[in-house]
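Got your viewer open and a selection box ready? Let's take a walk through this one, stop by stop.

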Amino acid sequence: MKKYFRSSLALAATLACSAAFAGGGFITFDSALPAVLSGGDVTAEGNAVVTTIGTNIFDGAIATFASCDIAICPGGNGTQFYAALNDGGLNVKLSEGGMSMTGLDFGFLLPLSAVLDFSVGKLVVTGFDAGGGSTTISRDFELQDALGNFNFSHWDFDSSFASGWFQSVTISSCLYDGNNDCVNPAGNQAQFAVDNIGYLPEPASLALVGVSLAGLLAAGRRRKSV
């Protein structure tokens with residue numbers, strides 16, 4: 001009986017871990033129609049909902065490097081991506097339940113004039129949890145290559161952020177000014193591209209597995225007392 005009980009606990013724990021990783025994926029923007037986006041516009045992909053953040057008419061776009069006539073887009077990506085324009089950003093959430101975010105591809109968008117008033121900057125990712133708290137991480141944009149071009153780079157989020165469960169995640173940017181402060185608003189020059197956003201949905205079944213574990217533990221205690 002003890003062997004069966006231990007096996008049941010192990011199975012329930014395995015189901016909990018499996019549930020946490022079931023249904024995850026990437027937001028690639030490949031299924032979206034090319035479009036110019038304003039603040040509040042929604043782009044849906046599967047159960048992921050991406051809302052454009054901004055106060056200008058042109059706050060974002062679904063674009064490719066070849067079709068990028070809104071800015072000088074980063075290279076190294078042959079598929080569609082999300083371009084955040086004019087100090088804008090994006091908010092990502094799932095249509096149901098919470099999520100964790102594990103990483104993404106990103107790069108800096110140079111203004112069409114190619115005249116930049118800042119020494120580039122960083123991408124800022126903020127997760128908002130169900131309790132009203134928030135967690136923020138950031139990473140500098142990759143600098144220009146030998147030919148003067150900006151390119152996409154990949155960022156795997158650290159475990160402390162990637163293991164958190166959030167109701168939504170906001171992605172924005174800031175640029176370094178003359179005092180080396182990273183600022184936004186930045187004269188509509190804080191612009192970036194993101195793609196292949198990795199996420200995991202918070203499993204509703206995780207709570208049920210927890211109840212099952214509690215039931216098994218209670219049953220074990222009852223057997224012990226008999």
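What follows is a tour of a predicted model, one selection at a time.

**Stop 1: colour by confidence**

Start by colouring on pLDDT. The protein averages 86, and 80% of the residues score at least 70. Now select residues 1–21: here pLDDT is below 50, although the stretch has 23 contacts in the model beyond near neighbours in sequence. Do likewise for residues 207–211, where pLDDT stays under 50 and the model has three contacts beyond four places in sequence. Where pLDDT is low, the predicted coordinates should not be read in detail. Fade both stretches if you like, and move on.

**Stop 2: the largest nonpolar core**

Select Leu123, Ile171 and Val194 and show their side chains. These are the residues with the most contacts inside the largest nonpolar core, which has 39 residues. Which elements give two or more residues to this core? They are β4 (48–53), β6 (81–84), β7 (89–94), β8 (99–108), β9 (121–128), α2 (159–162), β12 (168–176) and β14 (192–201). Highlight β8 in its own colour, since you'll want to spot it again: β8 gives the most to the core, with five residues. As background, nonpolar side chains tend to be buried together in soluble globular proteins.

Next, centre on Val194 and list what lies around it. Leaving aside neighbours within four places in sequence, Val194 is in contact with Phe29, Phe81, Tyr82, Leu90, Leu104, Asp105, Phe106, Leu123, Phe152 and Ile171. One of those names leads to another group: Phe152 is part of a second, separate core of 11 residues, which also includes Ala61, Cys68 and Ala83.

**Stop 3: Val169 in β12**

Pick Val169, which sits in strand β12. Is Val169 buried or exposed? Its relative accessible area is 0%, so Val169 counts as buried. Turn on contacts and you should find Val169 touching Leu90, Asn91, Val92, Met101, Val125, Thr126 and Gly127, not counting residues up to four places away in sequence. Then draw a C-alpha to C-alpha distance from Val169 to Thr135: the two are 34 residues apart in sequence and 9.4 Å apart in space.

**Stop 4: the β9–β10 hairpin**

Show the cartoon for β9 and for β10 (residues 134–140). The two strands run antiparallel and are joined by seven bridges. Leu123, which you met in the core, has Arg139 in β10 as its bridge partner. Between the strands there are five residues, and Gly132 in this hairpin takes a positive phi near 90 degrees.

**Stop 5: the disulfides**

Finish by selecting the cysteine sulfurs. How many disulfides are there? The count comes to two, and counting bonded cysteines along the chain gives the pattern 1-2, 3-4.

- Cys68–Cys73: the S to S distance is 1.7 Å. The torsion about the S-S bond is about 45 degrees, so this disulfide is right-handed. Cys68 counts as buried at 14% relative accessibility, and Cys73 counts as buried at 6%. Cys68 is also one of the residues in the second core from Stop 2.
- Cys174–Cys182: the sulfur atoms are 2.1 Å apart. With a torsion of about 100 degrees about the S-S bond, this disulfide is right-handed. Cys174 is buried at 7% relative accessibility, whereas Cys182 is partly exposed at 26%.

Methods
Residues are numbered from 1 along each chain as its sequence is written. Side-chain values use heavy atoms; hydrogens and water are left out. A nonpolar core is a set of buried Ala, Val, Leu, Ile, Met, Phe, Trp, Tyr and Cys residues joined through side-chain atoms within 4.5 Å. Buried means under 20% relative accessible area, exposed over 50%, partly exposed in between (1.4 Å probe, protein chains only). Helices (H or I, at least four residues) and strands (E, at least two) are DSSP runs, numbered from the N terminus. Contact means heavy atoms within 4.5 Å. A disulfide is a pair of cysteine sulfur atoms within 2.5 Å. pLDDT is the predictor's confidence in each residue, from 0 to 100. Two strands pair if DSSP finds at least two bridges between them.
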